[in-house]
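These are my notes from going through one model, entry by entry. I wrote down what I looked up and what came back.

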Amino acid sequence: MDSLYKLKNFIFDLDGVLYLLDRPLTENISFVNFLKEEGYRVIFLSNNTFLTREKYAEKLQKMGVNASPKEVFSSAFVTAKYLEQNFPQSRVYIIGEEGLREEIKRCGLRVVAGNTRDRVDFVVVGMDRKFSFSKMSSALRFLTKGARLIGTNPDPTYPTDKGLLPGCGAMVAAIETCSGQEALIVGKPSPLIMDFVLSVTGFKKEETVLIGDRLDTDIVLGKRFDLFSVLVLTGVTTREDLKNAECKPDLVVENLLEFKDLLLEGGALCRGSKFMTLP
Ligand SMILES: [Mg+2]
């Protein structure tokens, strides 16, 4: 395991990396378990807001991933922590699903209904499979009266095993357009989410790898923080997309067994503080 000596921490995106909705990506999962058995530190960093940390850990465990809730950082969890730390007990209108709602409640924030006549401090938007004109109208009303707009993440689409769905970013954009207010984004590629992860985990940048399937979130964030970034082609990005990409990953692999082989073969992979370029 000499080749991995400089790398200690592995940050995995979830959708398109460890599963597609409910279908596990078994080759990638086996790499996670391999790292954990070898004693490397692994965390899961997802822009998804459907579930709580506990439910993500449960979902991962059912798919055979050795995961605990403390290792899961979703944009729902980090958005809730951001509000708790900076605006405790504020009043929040949520567009989103159960995971986002639950994480926000746990942080002592007050969740209000769309028809409230009381003050609202924040409109927080996550992916919502029941997004509607009525929810948009409530958001617009609160924003017009002074609430601030927070987007949990900017993902334009969401990958499933049956193709793409509209993502949170599309819903945020709709509300930005009607309100004229630009959202503060907490999830990837915002530095807010990585600052939080690095401060909680204590990971050193030069020892950390970020693995994801999206150029505009995972890889951009990896570059911003000078982490070694790996794009895996099991999710939304194709080789064709890469040709015109402004932000290129340090490494592109079809799946994570390919990454594992490269790590094991490349004896000099991580010498010094800089990584060598892999084939
Ligand atoms: Mg993904």
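**Cysteines**

I began with C107, whose sulfur lies 18 Å from the closest cysteine sulfur, that of C168, which is too far for a bond. The model is a predicted one, and I kept that in mind throughout. I then looked for disulfides over the structure and found 0. For C168 the nearest cysteine sulfur belongs to C178, at 14 Å, and C168 is in no disulfide. A disulfide needs the two sulfur atoms within 2.5 Å. I also checked burial: C107 is buried at 10% relative accessible area, and C168 is buried at 1%.

**Magnesium site**

Which protein atoms are donors of the magnesium ion? I noted D13 through OD, D15 through O and D213 through OD, at 2.0 to 2.2 Å from the ion. The spacing of these donor residues along the sequence reads D-x1-D-x197-D. I placed D13 in the loop between β1 (9-12) and β2 (19-20), and D213 in the loop between β13 (208-212) and α8 (215-224), so this pair ties together parts 200 residues apart in sequence. Buried or exposed, D13 and D213? I have both down as buried.

**N48**

I looked up N48 next and found it in the loop between β4 (41-46) and α2 (53-62). N48 counts as buried because its relative accessible area is 7%, against a cut-off of under 20%. Its side chain makes a polar contact of 2.7 Å with the side chain of Y56. I then listed the contacts of N48, leaving aside neighbours within four places in sequence: D15, Y56, S74, S75, A76 and Y158. D15 in that list is also a donor of the magnesium ion, through its O atom.

**Strands β10 and β11**

I checked how β10 (residues 157-160) and β11 (residues 163-166) pair, and the answer is antiparallel, over 4 bridges. The connection from β10 to β11 is a hairpin through 2 residues. I took T157 as an example and found its bridge partner in β11 to be P166. Y158, from the contact list of N48, falls within the residue range of β10.

**Aromatic pairs**

How many aromatic pairs does a search of the whole structure find? I recorded 13. One of them is F10 with F31, edge-to-face, at 6.1 Å centre to centre and 85° between the planes. F10 lies in strand β1 and F31 in helix α1 (residues 26-37), so the pair ties together parts 21 residues apart in sequence. I read 0% relative accessibility for F10, which makes it buried, and 0% for F31, buried as well.

I then turned to Y93 and F142. Their ring centres are 5.2 Å apart and their planes stand at 65°, so I entered the pair as edge-to-face. Y93 is in strand β6 (residues 91-95) and F142 in helix α5 (residues 133-144), so the pair ties together parts 49 residues apart in sequence. Y93 is buried at 6% relative accessibility, and F142 is buried with a relative accessible area of 3%.

My last entry is a cluster linked by ring pairs: F10, F12, F31, F34, Y40, F44 and F259. F10 and F31, the edge-to-face pair above, are among its members.

Note on methods:
Residues are numbered from 1 along each chain as its sequence is written. This is a predicted model: local features need pLDDT of at least 70, side-chain atom pairs count only at pLDDT 80 or more; totals for chains, interfaces and linings use all residues. Side-chain values use heavy atoms; hydrogens and water are left out. Buried means under 20% relative accessible area, exposed over 50%, partly exposed in between (1.4 Å probe, protein chains only). A polar contact is a pair of N or O atoms within 3.5 Å; within protein, one must be able to donate a hydrogen and the other to accept it, and residues adjacent in sequence count only if both atoms are side-chain atoms. Contact means heavy atoms within 4.5 Å. Donors are N, O and S atoms within 2.8 Å of the metal (3.2 Å for Na, K and Ca); water is not among the atoms, so sites may look incomplete. Two strands pair if DSSP finds at least two bridges between them. Rings of Phe, Tyr and Trp (its six-membered ring) pair if their centres lie within 6.5 Å; planes under 30 degrees apart count as stacked, over 60 as edge-to-face and the rest as tilted.
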